[in-house]
Every structure is written in structure tokens, then in C-alpha cells.
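Q: Could you take me through one part of this model up close, strand by strand? I'd like to know how it's packed and what it pairs with.

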Amino acid sequence: MQIILRGLVRRVVVAALLAMSAHAFAGPIGYSVRSDVDRKLYRIDMATGVATDIGVTGFSKIEGLAISTTGEIYGVNPSTAQLVKCSAITGACAAVGTLTGLPQLQVNAGLTFASNGSLYLAMNAVVYRIDPATAATAALGGSGPALSGLAGVAPTATCPSGLFGMGGNGDRGKFYCINTNTGAATLLGSLGTSPLDVGLDGDPATGAVWGISNDEPGQVFAVDPVSLSVSNVNTVTLAGKAIGGFESLAIARTGTAAVGDPVIEPAAAAIPDIPTLGQWPLMLLALLLPLAALAVTRAPVTNSLRRHR
């Protein structure tokens with residue numbers, strides 16, 4: 001009986017810890033660089049806008065972040081036309097290679113992995129396909145408008161490619177579907193938010209497109225790619241203070257984080273048969289834990305009394 005109770009207590013404690021971990025982030029985790037301020041990589045709770053400083057990237061400017069299906073963060077340094085890979089542990093980025101065939105004058109960059117697994121870059125009103133292993137670049141064609149951000153999610157009836165873009169500057173607030181064969185951008189409509197510059201990415205788990213504005217302070221927001229409705233608009237904060245200067249965004253699939261990011265422990269996902277707890281089960285858990293612990297401590301005393309009778 002003592003062994004059973006100990007096992008029960010252990011499973012209950014583990015379930016409680018996992019439940020608290022699951023509730024730490026109400027939405028997906030985003031990553032962005034304050035290129036206009038301190039050149040640091042930040043982790044952002046997209047549901048609340050709360051940011052955490054990870055560390056300095058080591059590059060003068062990083063735009064157009066994207067995250068692969070394996071959790072690796074990529075970015076673009078426009079001034080040197082380099083593809084970089086960034087660490088979610090330290091924030092430091094390392095060059096993968098030079099993006100060939102890009103014009104000398106680099107402006108806003110959008111970067112994302114589409115649902116087909118390919119990496120796409122939008123820069124200078126041209127859309128490119130990038131090899132993330134070598135940075136080899138292939139131009140697909142002109143997009144028309146200059147895009148500030150790209151996001152890849154599941155295809156929709158209005159966007160068969162599942163690759164979406166958002167305009168900046170003169171096309172601010174406009175939302176597009178990108179043809180992955182020609183690079184052409186088709187206008188889907190205008191959103192209820194119109195930042196001058198924006199970081200964009202999609203959550204493959206939910207199909208939502210997320211954005212962060214390069215305002216002061218910055219704001220995070222979610223876009224329904226079908227209805228184009230905007231929700232979850234929140235100011236980005238660091239230690240309770242509103243901050244801005246973000247020009248990029250990479251969204252980890254809901255429930256996951258980038259490789260090496262300690263905010264979500266990979267081993268936790270491997271523990272079987274433990275459901276996520278809601279508010280009321282957690283309250284019940286708080287009442288049962290002391291009783292279970294008391295039963296375990298009393299068990300040896302009971303057995304000893306039986307032996308002396």
C-alpha cells in the first residue's frame with residue numbers, strides 16, 4: 001500500500017508540474033530581434049506580449065526571422081545579405097552563407113518556412129526560395145508590393161499556397177497571398193492594423209498568423225487568414241515596461257519552443273498518460289496532496305503496531 005501511495009504522489013506531483021508549465025504560456029512562443037535598439041534576441045509570449053531578453057545576436061541588424069520544423073531559428077542580415085542561424089539559449093547568431101543574387105540596396109525582409117517545408121524570403125519586392133543549409137538563393141519573381149513580413153500556415157480556399165505576406169510603408173496594413181511558383185502577391189484585403197514595418201509568421205498548429213509591429217511601443221497581434229480579423233492585440237513589455245524596435249518574428253508551433261530554449265523542457269512531452277489539468281482539478285490537487293503525503297508517512301507506523309500485537 002505504501003508503494004502504491006508513493007507512486008500516486010509522484011504522478012500527482014508530476015502532473016501538477018506539467019500543468020503549471022502548460023499554463024505558463026497562454027499562446028505560442030515568438031522570437032524577435034530589437035534591431036533598431038539593442039540587437040538582442042527576445043522570447044515573447046504572443047498571448048500577452050511579455051518579452052524576455054535572451055541575448056545579443058552579434059550582428060548589426062537581423063530581420064525576417066523564421067523557425068524550422070526542427071526548432072532552428074533562421075534570420076537575415078540585410079546589410080550583408082547573409083542567412084544566419086540563431087541560438088535560443090544565448091541569442092548569438094552565426095552566418096550560414098551569403099544570399100546570392102540580391103540587389104545591393106537591402107530594405108525590409110520577410111522570412112518564413114511554408115507548409116511545404118521550403119524557406120521563403122521577401123525582399124525588395126522580390127520573393128526568393130532559400131536553401132537553409134547553404135543559403136543558396138533562387139528568385140521566383142516580383143511580388144508587386146514590397147512585403148515587410150511573410151507567414152506560412154496551412155493552405156486556405158483563398159490562398160492555396162498557405163504563404164501570406166503583409167505590406168509595409170505605402171502598402172501598410174495590406175494582407176496578401178503569395179504564389180510560390182511566381183512570387184506574385186495577390187491582395188486579400190486590408191487589416192484592422194497598419195504598422196509601418198512588421199514581423200510576421202504563422203503557427204502551423206492553429207493556422208493563425210501572428211505579427212509584431214515596429215512601433216514604439218511595439219504590439220503583438222493575431223490574424224485569421226480566412227476572415228482577416230485581427231485579435232489578441234497587446235503591447236510588448238519587458239519587466240513591466242513597454243518596449244519597441246522589433247522588425248522580425250519567428251513563431252514556434254503551439255506547445256513547443258526553439259531548440260535549446262529552456263522555457264519548455266523537451267523531456268516533459270515524453271511522460272505518458274498525464275493529462276493537462278484545469279483550474280478546478282488543480283484546486284482539488286492542492287487538497288489531496290497533503291492527505292496522500294500523510295498516508296505515506298503513517299504507513300510504516302501502522303505496520304509496526306501490527307507486528308507487536
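A: Sure, and keep in mind that this is a predicted model. Let's start with strand β13, residues 163-167: five of its five residues are buried, so the strand is largely enclosed by the rest of the structure. Look at where the residues point: Leu163, Gly165 and Gly167 go one way, Phe164 and Met166 go the other way, and all are buried. That fits the usual pattern, where side chains in a regular strand alternate between the two faces of the sheet.

Now for the partners of β13. Strand β12 (residues 147-152) runs antiparallel to β13, and five bridges join them. Within that pairing, Gly149 stands opposite Met166 of β13. Strand β14 (residues 174-178) also runs antiparallel to β13, this time joined by three bridges. There you can pick out Gly165 standing opposite Tyr176 of β14. β13 and β14 make a hairpin with six residues between them, and in its turn Asn169 has a positive phi of about 55°.

Met166 also leads to a loop residue. Thr193 sits in the loop between β15 (185-190) and β16 (198-202). Leaving aside residues up to four places away in sequence, Thr193 touches Met166, Gly173, Phe221 and Val230. Its relative accessibility is 18%, and because the cut-off for buried is under 20%, Thr193 counts as buried.

For a second covered strand, go to β5 (residues 73-77), where five of the five residues are buried. Ile73, Gly75 and Asn77 are on one side, with Tyr74 and Val76 on the other, so to speak a strand covered on both faces. On the β4 side, strand β4 (residues 63-67) runs antiparallel to β5 and is joined to it by three bridges. Ala66 has Tyr74 of β5 as its bridge partner. The β4 and β5 hairpin has five residues between the strands, and Gly71 there takes a positive phi near 90°. With strand β6 (residues 82-86), β5 pairs in the antiparallel sense over five bridges. Val76 stands opposite Leu83 of β6. This hairpin, β5 with β6, has four residues between the strands, and Ala81 in the turn has a positive phi of about 55°.

Some of these residues turn up again in the nonpolar cores. The largest core has 18 residues, and Ile73 is among those with the most contacts inside it, along with Tyr31, Leu41, Leu65 and Ile67. The elements giving two or more residues to this core are β1 (29-33), β4 and β6. β1 supplies the largest share of it, three residues. A second, separate core has 16 residues, including Tyr74, Ala81, Leu99 and Leu121.

Leu121 brings us to one more piece. Strand β9 (residues 119-123) pairs with β8 in the antiparallel sense over five bridges, and Thr112 has Tyr120 of β9 as its bridge partner. These two strands belong to an open sheet of four strands, ordered β8-β9-β10-β11 with antiparallel pairing. At the edges are β8 (109-113) and β11 (137-142), each pairing on one side only. From one strand to the next, the twist averages 20°.

How values were computed: Residues numbered from 1 in each chain as written. Predicted model: local features only at pLDDT ≥ 70, side-chain atom pairs only at ≥ 80, totals over all residues. Heavy atoms only, no water. Pairing = 2+ DSSP bridges. Axes fitted to C-alpha atoms, helices over the stretch in contact; angles between N-to-C directions. Buried < 20%, exposed > 50% of the residue type's maximum accessible area, 1.4 Å probe, protein only. Contact = heavy atoms within 4.5 Å. Core = buried A, V, L, I, M, F, W, Y, C linked by side-chain atoms within 4.5 Å.
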